[in-house]
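Trainee: I am new to this structure and should like to understand the terms used to describe it. May I put some questions to you as we look at it?

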Amino acid sequence: MVKHHLFWPLTFLCALLVFNLIYSPDFFAIKMRDGHLYGSLIDILNFGSPLMIVSIGMTLVIAATKGVDLSVGSVVAISGAIACLMISHGDGSLVSVVIAVGTALLTSIVLGVWNGFLVANIGMQPIIATLILMVSGRGVSQLITSGQIITISNPHYKFIGAGSLLTLPFSIFIVAIVFLIAYLLTRKTALGLFIESVGCKPTASKLAGVKSKTVMFFVYMFCSLCAAIAGLILSSNVSSADGNNAGLWYELDAILAVVIGGTALTGGRFYLAGTLVGALIIQTLTTTIYMIGVPPEITLVVKAFVVLIVCLIQSESFRKSIAFRWKTRHYPAEREVKQHA
Amino acid sequence: MLKKQHIPILVTIGLFVLMFAIGSFRYTGFFSLQVLMNLLIDNAFLLITAVGMTFVIVSGGIDLSVGSVIALTTMISASLVQAGWPPGLVIPMVLLIGALFGWGMGAIIHYFKIEPFIVTLSGMFLARGLCYIISINTITIDNAFYTSVAQTKIRLPGGNFASISVIIALLVVFLGFYIAHYTRFGRNTYALGGSEQSSLLMGLPVGRTKMLIYAFSGFCSALAGVVFTFYMLSGYGLHAMGMELDAIAAVVIGGTLLTGGVGYIVGTFFGVMIQGVIQTIISFEGTLSSWWTKIVIGVLLFMFIILQRLLSQRGWAQRR
Amino acid sequence: MKQGGPVLQMTGIHKQFPGVKALTDVNFRLFPGEVHALMGENGAGKSTLIKVLTGVHSIDQGVVEMDTKPIKILSPLDAQNAGISTVYQEVNLCSNLSVAENIYIGREPRRLGRILWKKMNEDAAQLLKKRMNLEIDVTQPLHVYSVAVQQLVAIARALSISAKVLILDEPTSSLDRGEVVQLFSVMTRLKNEGLAILFVTHFLDQVYDISDRITILRNGEFIGEYLAKEIPRIELVSKMIGKDLELLEELPKGDAAAQVHNEVLIQATDFGKKGSIEPVDLTIHKGEIVGLAGLLGSGRTELARLFFAADKADSGEMTMAGSSDAIHSPRQAIDQGIAFCSENRKLEGIIDDLTVRENIILALQASQGWFKTISRKRQDEMADEYIRALNINPPNPEHLIKNLSGGNQQKVLLARWLLTDPNLLILDEPTRGIDIGAKAEIQKLVLSLAQKGMSVLFISSELEEVLRVSHKIVVLRDRHKVKEMVGDEISQKNVMKAIAGG
Amino acid sequence: ACGSSGDSKTASSTSAAAAVSPSTAAAATAKADKKITMGFAQVGAESGWRSANTKSVQDSAKEAGIELKFSDAQQKQENQIKAIRTYIQQKVDVIAFSPVVESGWDTVLKEAKDANIPVILTDRAVDSKDTSLYRTFIGSDFVEEGRSAGKWLVDKYKDTKEAVNIVELQGTTGSAPANDRKAGFDEIIKSNPNLKVIASQTGDFTRAKGKEVMQAFLKANKNINVLYAHNDDMALGAIQAIEEAGLKPGKDIIIISVDGVKDGFVAASEGKINFIVECNPLLGGQLMQAAKDVLSGKELPKRIVTKEGVFTSEDAKRELPNRQY
Ligand SMILES: Nc1ncnc2c1ncn2[C@@H]1O[C@H](COP(=O)(O)OP(=O)(O)OP(=O)(O)O)[C@@H](O)[C@H]1O
Ligand SMILES: Nc1ncnc2c1ncn2[C@@H]1O[C@H](COP(=O)(O)OP(=O)(O)OP(=O)(O)O)[C@@H](O)[C@H]1O
Ligand SMILES: [Mg+2]
Ligand SMILES: [Mg+2]
């Protein structure tokens, strides 16, 4: 069981939750309020859902391209901005909301195609290709909102990020659906195999007949779409679109979640469930910091150590070196080879 | 002797010249030595950081902590100098701290086999957090040495001038070039980026090289921090926010592959210059709103990379 | 010849990998001034023995002594410092560095810490010319050269390190006869200078040509140590495989004319690419095995890659019977029923992080697209079928391919392409690094596939092999097609004459 | 109420500018032949407040017939310095900028001074010892804003005996408005030992973060009486969190915020925000006037304080129709 890739991330998540429980005994308390559940755990799931969704998309990008998608934050902002702008001009009916949401999602797919085009067809390095959209996308979202915050009050739209279904926040269901789709697409069709092979060795995969360009297009499109969904949840949760700040630094958190979940940045094998756990760890950590009242000045230091500890615990070499602390001062080359063979 | 692998560099330089020429035709006051000098003055710290970053990226890693280390350096320098420490002690000390910080990250990366991205991300949080622990306010430096270095103008013909930081930055670029091409450490860095496994099997000191690379990057960031301190005459926890992306972008624009093994210090130099020119053009244009600024930066970057690729033909940026 | 004790002695070596016992109580001795062949089937543990010796892997149990003193080697660097110079089985060089650097990196000539590039390049060029008879531009990055050249460079690197022990793990697997002769003359000279050489190969002829002593491994176990002149071939082979084997001398090629259909499968006219292969005319019939013969760098691989559209031809055209679609990418080639098993298995073949099963089904699944997924059950069946047919070891489809021995990786790749049931199978050095038993199996397999109507383009550096299987032989020299022969024309003498340019 | 916009003041100072001494007037007309060019180095577009500020500057420049060279520094001081250098290079007539931070401007301002280009600061001062480096500073005082918020609170609870639990939503850690608004507030509430800040966390000036942090506050602390938010957006996010927790913002929890953007006023007029300290972004008119004055050689005071008001819910209801941003 210790061998399973989810073992250490899950252990850490539990440790974090237990720590919270010790700190504030009613951390696990969940109450019923106005027909929906209310409590810290629910908050973690609710606020963590956009990150979970973006991370799922990011997982596929990292796995297939050995690169990252830096533009997710901007796409988050753009989709929220488009949806809110259209809703603020619309008549507030359900149809107009659906149209607005649809437009936002479609736009994000176009943006994904753009990223995919730059990486797969032009052959740009992923980080630069997506940096272009990261920079200019932020500009586009501000252009859409004219640099202001668009506030809307539309119950249909609000449902996406702040509504509840079966007493649970609706956003959790969106996460479940996105995860399920990603899971089915990659594990029940051959797509997962193709992503892993392209990510591991592009030349060899191409010679084996894998359509690596199509795979890259797909992962960028999917990642953009995920980012857009996250953007809708975020903006709907606060009933407003903030072109300037929505999704700022999201790319870093998403990448962090992916890596904590066990997927290597060097591409190849990926673990969707691990990514979800990674995102939950990050969100729980954030909530913990707020709950126990860490002063903002040292928040970053705390975060730095926690991230390092999570990764150290996952590192086999570290665990071994703890186990025989003084016996093995040397690290045989074997492990290095295993890592990079 | 013109070699195939030098074409991308030449193309990059050519495009830089082209952009500068376009700027000169379009805007009055653009075509002058001083604008060129300002590019160097205003980007000296970025240049220094990017040289360190080039080594890291060539070795197949990445260093996200550079911006924070710069901020930390300004913060430590400012607080110590204001507390009355002599600059002659403070500067070597912060350089040492930077190098040790980098070395520490390198050691974790090497011994515990954790992705550089994550380790240096923690480093980024940590260094930034340490700044806030020192103070969340800005600390102004009014030390005579710092102000005189900051305001010394190196006169050039025609009323133009450069700053001491420019000299430092150019020295670092030269040093980086020398180290990359004429020392074992430099060549080992390239080998490491080509294939870590092969380097190991060829009997290269993989671990030591790796730690040295991150130490060097940390040292460069700290040096950039010193230059930044000259530039700003203050320490502040929010200084150099997001600089890591600028540095990475400069390195990659200069033709270095993020997957490692291929890279050019000269390319990095022009990568920084190109980013500077794009910014200068936008400032000279002076009619763009905040959002259009961002969009245009993206578009210019895009056009540049497309041209660079078209002109240097067969995908040199192709990932293997 | 040998005075005193062994320079290197390994006793009671054990090595366990997760799930695989790679070495069990292995002993090995190496004397100065001898060439010692390490023999065994694919996966017997030869490479592993070498890797534990040089500190790539740690030793679970056992003692290594050098000059009768126990030593601990923790990394290849330690090994190098202890006087052991190694060429590993897969080419382990940095393809982004220049040829000269690959030879000298870590030991560059320096003055005051400054690398003397000029001297290094000159030394490298001279070393390659003198020792390997190879005249290439040493300032070019290594990846522009073919695998064979890379292998020569790796050997040159090892030779240039003045050491007490030289280890060569299958150095000859992609070298042609001339190169091998060249290498052997160098080895003989070094041996006479007192160097101890450990040599791994699957070619029995080479073993008897050069080695003084033979150690045999089977399934990770030590079988015995013999003097080469005292153990006959048959005995050697039966000790290696653990049972008697009737060595196949003559393969039933059958009546070539009767077998080969008159139906043309592929017609290439004026087909070529500037800088890599001059325009070639070639016809491949259905069920025909076309062998490509030539020296290193004669352009065989290049021609094969053009057929698969791995490289793009810039002159002429190739048409496939029954289809008018042009082929622009490997993917289209696969759709048209072409399969290409590359000579560079490390870079262009295996997908390291995937399992054996996934590597086997990859090409078939890719041609079927995303949604026509092969069910897991079918996958397991297919994997098991080929693991059995090709005797892949360990027979576990869920093993990561990067943990397989070199020869077994090659078999997996073969399985990948056989599974797609192509009309034209291009095999570039398919038997590279494969043991004699399996090699015979593969040759038989190729013949039987042809009998069933599959056309094969067969490339091998081992001329005998090409002669044995081919219905038609095309000889390339200096990137030109110089001769094509069929039926009775085919003979070793004729082919050699064409290769040499007579 | 005291929410006069910058424009009304512009009108009054225009008449003042007419009364200039003959010699400077000549210089002014000489300059006036040529259109005035102003280089304006904006911090960025990080908030709605900032965008309104930018728009005000751009619109006023057009109105005043001044050619504006605008650049956006994306919240980075180094970019702002670069932009100022290019303005010097372009030989603009006057340079204006909103410093990201107070420190670090001496070098570039000296260059401007050497090139004889007057500099006007907006929104925030610089801490140079050498005050000749800039002509005037137009803008608000973040510490004062914090004080105003504190004063209202102290006043409100002056008779209360039991402890008042305050939670604080800070702006971006380390940023000047966050530091100063916190400092000013703390300075004042010190006077009443009953007023206790029981939790303080950064909400990055955004609604989403404001909501998230407030939600955690509500779970971790049973008894919150007052919320002090460093800007309206965080307050608006927090209001949502409070409502979702089944409490009444403005009643169960007293809310104080800074800025006075339109959405804030809407919330205040609904009684959800009890007190808003205004921070006026509409500095454009004053800035253009100051530029003209400087170029015509007029002496300007070293500091021009923008008129900024404080609003209770009732004031807000009245003022709401006049809000433009
Ligand atoms: N890193 C590893 N992890 C797990 N198993 C391994 C690893 N390396 C080798 N093995 C296993 O050890 C056994 C011996 O492999 P080795 O490479 O030594 O064979 P070999 O004799 O060199 O064969 P070949 O002739 O095919 O090169 C094989 O069964 C192989 O699968
Ligand atoms: N002996 C050599 N001298 C110089 N260059 C060589 C030599 N051998 C190979 N090369 C280089 O390697 C490249 C690849 O050749 P290619 O792979 O087509 O050869 P091949 O006939 O398949 O032989 P092999 O695969 O056995 O090396 C050639 O283009 C050439 O540049
Ligand atoms: Mg082997
Ligand atoms: Mg070949």
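Mentor: Let us begin at ligand 1, where an oxygen atom of the ligand is 2.8 Å from a backbone N or O atom of G43(C). Please keep in mind that this is a predicted model.

Trainee: Why is the pairing of G43(C) with ligand 1 called a polar contact?

Mentor: A polar contact requires N or O atoms within 3.5 Å. The backbone atom of G43(C) is an N or O atom and lies 2.8 Å from an oxygen atom of ligand 1, so the pair qualifies. The side chain of N42(C) also places an N or O atom 2.9 Å from an oxygen atom of the ligand. A polar side-chain atom of Q89(C) is likewise 2.9 Å from an oxygen atom of ligand 1.

Trainee: How do you know that the protein covers ligand 1?

Mentor: On its own, ligand 1 has 640 Å² of accessible area, and the protein covers 92% of that area. In chain C, β2 (20-30), α1 (46-53) and α15 (406-419) are the elements that give two or more residues to the shell around the ligand. The most comes from α1(C), which gives three residues.

Trainee: Which residues are closest to ligand 1, and how many surround the ligand?

Mentor: The ligand is surrounded by 20 residues, and G43(C), S47(C), T48(C), S405(C) and G407(C) are the closest. By class, the shell has six nonpolar, 11 polar and three charged residues. Glycine counts as polar in this scheme, so G43(C) and G407(C) belong to the polar class.

Trainee: Let us turn to the chains. What makes the link between E108(C) and R184(B) a salt bridge?

Mentor: The test asks for a side-chain nitrogen of Lys or Arg within 4 Å of a carboxyl oxygen of Asp or Glu. For R184(B) and E108(C), the closest N and O atoms are 2.9 Å apart, so the pair meets the test. Between chain B and chain C the count is two salt bridges, and nine residue pairs are in polar contact. On the side of chain B that touches chain C, α7 (164-182), α8 (184-194) and α9 (196-201) each supply at least two residues. The largest share, six residues, is that of α8(B).

Trainee: What area do chain B and chain C bury between them, and which three residues of chain B supply the most?

Mentor: The two chains bury about 2200 Å², with 56% of it on carbon and sulfur atoms. R184(B), L201(B) and M202(B) supply 34% of the area that chain B buries against chain C, more than any other three residues.

Trainee: What describes the interface of chain B and chain A?

Mentor: About 4700 Å² is buried there, and carbon and sulfur atoms give 79% of it. The rule finds zero salt bridges across this interface, while four residue pairs are in polar contact. The side of chain B that touches chain A has 33 nonpolar, seven polar and seven charged residues.

Trainee: How do you know that chain C and chain D are not in contact?

Mentor: Contact means heavy atoms within 4.5 Å. No contact joins chain C and chain D, and their closest C-alpha atoms lie 37 Å apart. Of the five pairs of chains that are in contact, chains A and B share the most contacts. Their contact takes 55 residues from chain A and 47 residues from chain B.

How values were computed
Residues are numbered from 1 along each chain as its sequence is written. Chains are lettered from A and ligands numbered from 1 in the order in which they are written. This is a predicted model: local features need pLDDT of at least 70, side-chain atom pairs count only at pLDDT 80 or more; totals for chains, interfaces and linings use all residues. Side-chain values use heavy atoms; hydrogens and water are left out. A residue is near a molecule or strand if one of its heavy atoms lies within 4 Å of it. A polar contact is a pair of N or O atoms within 3.5 Å; within protein, one must be able to donate a hydrogen and the other to accept it, and residues adjacent in sequence count only if both atoms are side-chain atoms. Accessible areas come from the Shrake-Rupley method with a 1.4 Å probe; for residues, only the protein chains shown count as cover. Helices (H or I, at least four residues) and strands (E, at least two) are DSSP runs, numbered from the N terminus. Buried area is the accessible area (1.4 Å probe) that two parts lose on being put together, summed over both.
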